[in-house]
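Could you walk me through this structure in the viewer, one selection at a time? I would like to know what to pick next and what to look for there.

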Amino acid sequence: MAKSTPAAAAAAPEEATAAALRLRLRRLVAAVTAGGVGGGEAFDEAASALAALRDAELGPPPKDRPGAGAERRRSGHAEAAAVPEQFLCPISSEIMRDPVVLASGQTYDRRFIQEWLSAGNRTCPQTQQVLSNTILIPNHLVRSMIAQWCTENGIALSPLENQEEDLVTNNERKSFSELFDRISSSSNISEKRQAIKDLRLLTKRNSSFRAVIGENPDSISQMISAVSNPELESNSEVLEDTVTTILNLSIHESNKKIIGDDTKAITFLISALQSGTMEARSNAAAAIFSLSALDSNKAKIGESGAMRPLVDLLEHGSMTAKKDAASAIFSLCKLHENKSRATKSGVIDVVLKAISDESLTDESLTILALLSSDHETVEEIGETGGVPCMLHIIKDDQCKRNKENAVAVLFSICMYDRTKLREVVEDENLNGSLAWLAQNGTSRARRKAAGILDKLKRTIHKTHYSC
């Protein structure tokens, strides 16, 4: 029988102690995550277990020795092996920057579990349990423990605001470069078409792939120039793929300015709005909505002539396309200059008709309420049957938000155009809808309804007095 050496005999209890401490720490974190242990007491106990585990595996931290922190930072590979398992994201196997708890009770780094969910998955990656919801709850205890451990071990984590860019890998950069080489340089038309389709799919599935565009800002123009090839520009499928790729890329926040500043992108999207298939037109409107999150893009898009084709899509598109167009018009009209452009493009007739047809009531009322701050627009609303339309919504629509928007529009009409007051008075005497709304509506609806009623009373009093 082999004899155990003194060193082996000493190591055995140390290994057993470390294993026990790891098990204790794992149970503590699991209990806190599941809500079984409370607050500060749990943190103190877990922190104590963590410190004991560190001492067992690495020895006491050499705090008194000059340069100890620098040495720990230099020994990154050795330190990585000692990172407590509970601090590593099960998906990435990296230290979690922003730990969150999934409905299954498992903890993940937010950016990686969000990527999993955004890809359409509705199960827990570890347990395969079907999720009852996709709410992510911050795990403050684990985050605090990670922060303490990193501080004690001289490890600096990158800021959370850079995490989206951190997801970009060299493989993704390589794939991106290869795709664009095929799109812009290949002489084979079939290969170009396939590369554009591949790019569409990659930018849809992989949010980090969208971030690569920030390192290649000229690639948008390159792609648009490539599909302008006579053999490709008449291909409806290529147009759809290109428009959808721009839409996918625009979702990434830092790409909105890059695409907006591109000399060809907005013009290309407007062209697709005018002559593409219904899917291309719908996705072009969605891309415009996404880009219009920036005020600078709102101005460029409005000046480039997007409003008229958007209004046309709002009137004649499929239901999905109409909703995309409505979202784009609403967002663009947050910029005052675009309100006049929308009115001149015929949006008032279109949305009033949609409300009458009950086909797009919510979206149409939202647009009208936004536009009603413009004097010119309010006059047109009043002249094209807006008053009876708004009174009908206030009286019969069951949605509080719709009533609120309708009374906001009606308030603007009454303030700007006294000739419409008689119509409002007659309806109020018959139905009392405004009085009811002044008592039972949302806070904004109550204010607007009360304002109209006050205007009516003062007008009637003046009329009676002058008689």
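Start with the strands of this predicted model. Select all three: they form an open sheet in the order β2-β1-β3, with antiparallel pairing. The edges of the sheet are β2, residues 107–109, and β3, residues 137–138, and each of these strands pairs on one side only.

Now zoom in on β1, residues 99–101, which pairs with β2 in the antiparallel sense over three bridges. For one of the bridge partners, pick Val 100 and look across to β2, where Tyr 108 sits opposite as its partner.

Keep the sheet on screen and add residues 110–118. This is helix α5, which lies across β1, β2 and β3 and runs at about 95° to β2.

Next, go to the other edge and select Ile 137, a residue of strand β3. Which residues does Ile 137 touch, leaving aside its neighbours within four places in sequence? They are Pro 99, Val 100 and Val 101. You can also draw a distance from the C-alpha atom of Ile 137 to that of Ala 103: the separation is 8.6 Å, although the two residues are 34 apart along the chain.

**Aromatic pairs**

The structure holds two aromatic pairs. Select Phe 87 and Trp 149 to see an edge-to-face arrangement, with 6.4 Å centre to centre and 70° between the planes. Phe 87 belongs to the loop between α4 (76–81) and β1, while Trp 149 belongs to helix α6 (residues 140–152), so this pair ties together parts that are 62 residues apart in sequence. Turn on a surface and you will find that both Phe 87 and Trp 149 are buried.

For the other pair, move to Phe 176 and Phe 180, whose rings are tilted: the centres are 4.6 Å apart and the planes make an angle of 35°. Both residues lie in helix α8, residues 170–185, and they are four residues apart, about one turn of the helix. A general point helps here: an α-helix has 3.6 residues a turn, so residues three or four places apart point the same way. Phe 176 and Phe 180 are both buried too.

**Along helix α6**

Return to Trp 149 and select the whole of α6, residues 140–152. Its 13 residues should span 18 Å at 1.5 Å a residue, and the C-alpha atoms at its ends are indeed 18 Å apart. Colour Leu 141, Val 142, Met 145, Ile 146, Trp 149 and Cys 150, the buried residues of this helix. Then look down the axis of α6: these buried residues fall within an arc of 165°, so they line one face of the helix. What does the face turned away from the buried side carry? There you will find the exposed residues His 140 and Thr 151. Just after α6, stop at Gly 154, which takes a positive phi of about 65°.

**Positive phi away from glycine**

Two loop residues deserve a click. In the loop between α4 and β1, pick Ser 93. Its phi is near 60°, a positive value in a residue other than glycine. Is Ser 93 buried or exposed? Its relative accessible area is 54%, over the 50% cut-off, so Ser 93 counts as exposed.

Then move to the loop between α5 and β3 and select Gln 128. Gln 128 is not a glycine either, yet its phi is positive, at about 65°.

**Two helices further along**

Select Ser 331 in helix α19, residues 319–332. With a relative accessible area of 5%, Ser 331 is buried. Show what surrounds it: leaving aside neighbours within four places in sequence, Ser 331 is in contact with Phe 289, Ser 292, Ala 293 and Lys 298.

Next comes α26, residues 421–431, where the buried residues include the charged-type names Asp 427 and Glu 428 alongside Leu 421, Val 424 and Val 425. Gly 432 follows α26 and has a positive phi, near 65°.

**Zooming out**

To finish, show the whole protein chain, whose secondary structure comes to 28 helices and three strands. Of its 467 residues, 46% are buried. Among contacts between residues at least 6 apart in sequence, 64% join residues at least 24 apart.

Methods:
Residues numbered from 1 in each chain as written. Predicted model: local features only at pLDDT ≥ 70, side-chain atom pairs only at ≥ 80, totals over all residues. Heavy atoms only, no water. Pairing = 2+ DSSP bridges. Contact = heavy atoms within 4.5 Å. Axes fitted to C-alpha atoms, helices over the stretch in contact; angles between N-to-C directions. Phe/Tyr/Trp six-rings, centres within 6.5 Å; stacked < 30°, edge-to-face > 60°. Buried < 20%, exposed > 50% of the residue type's maximum accessible area, 1.4 Å probe, protein only. Expected span 1.5 Å × (residues − 1). Arc of directions from axis to C-beta.
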